[in-house]
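Let's walk through this structure together, one region after another. Keep the sequence and the model side by side as you read.

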Amino acid sequence: MEQKEFSPHKFFYGWVITGLVFLNLGVSYGAQYSFGVFFPALIEEFKWNRQNLAGAFSLYTFVYSFLGIILGRLTDRFGPRIVLLCGSICLGLGIALISQVKAPWHLYVFYGLLASWGMSAAYITASPLIVKWFIEKRGLAVGTAQSGLGVGIIIIPPVSGAMISALGWQQAILILGASVFLVLFTTSFFLISHPEKIGLLPDGRKPAAPGGRLSPGLENIYQEVNWTAAEAIHTRSFWVLTALFFCTWLLVFFPLVHMVIFALDMGLPQKAALVAMSSLGASSTLGRLTMGYVSDRMGRKRTLGLNIALQVFSWLWILHTSSAWMLIVFAVFFGFSYGAVSSIFPSIVGDYFGRLRAASVIGAIFTIAGVAAAFGPIVGGYIHDLTHSYRPAFLLGALTNVLALFLLFLSKPPHRL
């Protein structure tokens, strides 16, 4: 390969990309998790039941997961810039239009259909992009980028709550939508799809000089086996990973939507619920950042197994939660393990199937497994409306993660015949 000129700016560009993804994920997911903060205000305003509102979030989750395979292929083909440009318009506008809802179906259209398109674009132009820029430090880089998501949860839901108190929920959600649009639209212009476009290789390395001896790091890059999504789908490894993440994601959004109102049902003040939500965000940040780095050292499977086991513990703990401190403990453990699992997901997919078509393969798994998360909020709302209890949903969360642990034991990288 031809020797390229090296510059410090180019060397650090992978970490610049990581910082931009950090910002995008923080803003987009912080806005997403604010849905639970607006949840009580919408119920009070329109007297809708919980199942109706949770159903809008479930539709949103289903659509943004389903679009992963489509937007993943578009991102690999055309680059992240145009995909995120369009996504910023959809997400910002979809959130802002919630201020105009008058009936439940309006929420399903604005949030469930329009905003979900933008959220899918924000996700698929984030972690898969980091996978393409890093190999040796992939876990650390993905964890660093995804820790922005946790920071967004720490900051944005409480700010949304404060804006609701000061301005009313309609003005608050209008400001939230405009802010999301401005950040995503602006950062999209600075994204570069892969390091080769600026004369680099992953981890900031320069291509080898003709006839030069390859370092171990360059050997890993040049010998990397890459799978297309179509090829990956025909492997056992793909389907075991997909089933694994299907199980652990099935109810992952359930507490994010229902935790505030669950706390209010117990007689806790809204402030305590918001502290728990912020604690979830803080621990999610810590989980993404630390476990990404640990997975580079300890291995993806061991690190993933440790955190799925922690998910089991979290679901069993909340079965017995009856006070503010217990709710906060749940939020800390759940957030840490959820953040860790989410950050390891793109890294392990990149390890198994290579980086060049990472967005397509990650998008394919995300489409199939991620739609599972759409069922959590609506199932939880239905169970509560039917039984006036969230306990069966909590127990189901523990059981599905036990199954995920078993599937992780069966998981291994694919091999070409």
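In this predicted model, helix α5 supplies the largest share of a nonpolar surface patch, giving three residues to it. The whole patch covers about 550 Å² and is built from F62, F66, I70, L74, F78 and I82. Two elements, α4 (50-66) and α5 (68-78), each contribute two or more residues. If you look along the numbering of the patch, a general point about helices helps. An α-helix has 3.6 residues a turn, so residues three or four places apart point the same way. F62 is a good residue to click on here: F62 sits in helix α4 and is partly exposed, because its relative accessible area is 36%, between the 20% limit for buried and the 50% limit for exposed.

Stay with α5 for a moment and turn to its charged residue D76. Which residue does the side chain of D76 meet in a salt bridge? The partner is K132, with N and O 2.5 Å apart. Since D76 belongs to helix α5 and K132 to helix α8 (residues 127-133), this pair ties together parts that are 56 residues apart in sequence. Is K132 buried or exposed? K132 counts as buried at 5% relative accessibility, and D76 is buried too, with a relative accessible area of 19%. As background, side chains of opposite charge can pair when their charged atoms come close.

Both members of that pair also touch a residue from elsewhere in the chain. Leaving out neighbours within four places in sequence, L356 is in contact with D76, K132 and N226. L356 lies in the loop between α17 (324-353) and α18 (358-370), and counts as partly exposed at 38% relative accessibility. Another residue to compare with L356 is T125: they are 231 residues apart along the chain, yet their C-alpha atoms are separated by 14 Å.

The loop that holds L356 also holds R355. R355 forms a salt bridge with E196, and the closest N and O atoms are 2.5 Å apart. This links distant parts of the chain, with E196 in the loop between α10 (169-188) and α11 (216-222), 159 residues from R355. The two partners sit in unlike surroundings: R355 is buried at 4% relative accessibility, whereas E196 is partly exposed at 31%.

Moving back into helix α17, you will find D351, whose side chain meets that of R138 in a salt bridge (3.0 Å, N to O). R138 is in helix α9 (residues 138-167) and D351 in helix α17, so that 213 residues of sequence separate the two. R138 counts as buried at 2% relative accessibility, while D351 is partly exposed, with a relative accessible area of 36%. The pair does not stand alone, for R138, D296, R300 and D351 are linked in a network of salt bridges. How many salt bridges are there in total? The count comes to five.

Helix α15 (residues 270-298) offers an uncharged stop on the tour, T285. T285 is buried, with a relative accessible area of 14%. Not counting residues up to four places away in sequence, T285 touches S147, G150, V151 and I154.

Next comes helix α20 (residues 391-410). Its 20 residues reach 30 Å from the first C-alpha to the last, close to the 28 Å expected at 1.5 Å a residue. Which residues of α20 are buried? They are A393, F394, G397, A398, T400, N401, A404, L407 and L408. These buried residues pack against four helices: α13 (236-249), α14 (254-265), α16 (300-318) and α19 (375-387).

Finally, take a look at the cysteines. How many disulfides does the model hold? The count is zero. For C90, the closest cysteine sulfur is that of C86, and at 7.0 Å it is too far for a bond, because a disulfide needs the two sulfur atoms within 2.5 Å. C90 counts as buried at 17% relative accessibility, and C247 is also buried, at 9%.

Terms used. Residues are numbered from 1 along each chain as its sequence is written. This is a predicted model: local features need pLDDT of at least 70, side-chain atom pairs count only at pLDDT 80 or more; totals for chains, interfaces and linings use all residues. Side-chain values use heavy atoms; hydrogens and water are left out. Buried means under 20% relative accessible area, exposed over 50%, partly exposed in between (1.4 Å probe, protein chains only). Patches are made of residues with over 30% relative accessible area and no salt bridge: like charges are joined within 9 Å, nonpolar side chains (Val, Leu, Ile, Met, Phe, Trp, Tyr) within 5 Å. Accessible areas come from the Shrake-Rupley method with a 1.4 Å probe; for residues, only the protein chains shown count as cover. A salt bridge is a side-chain nitrogen of Lys or Arg within 4 Å of a carboxyl oxygen of Asp or Glu. Contact means heavy atoms within 4.5 Å. The expected span of a helix is 1.5 Å times one less than its number of residues.
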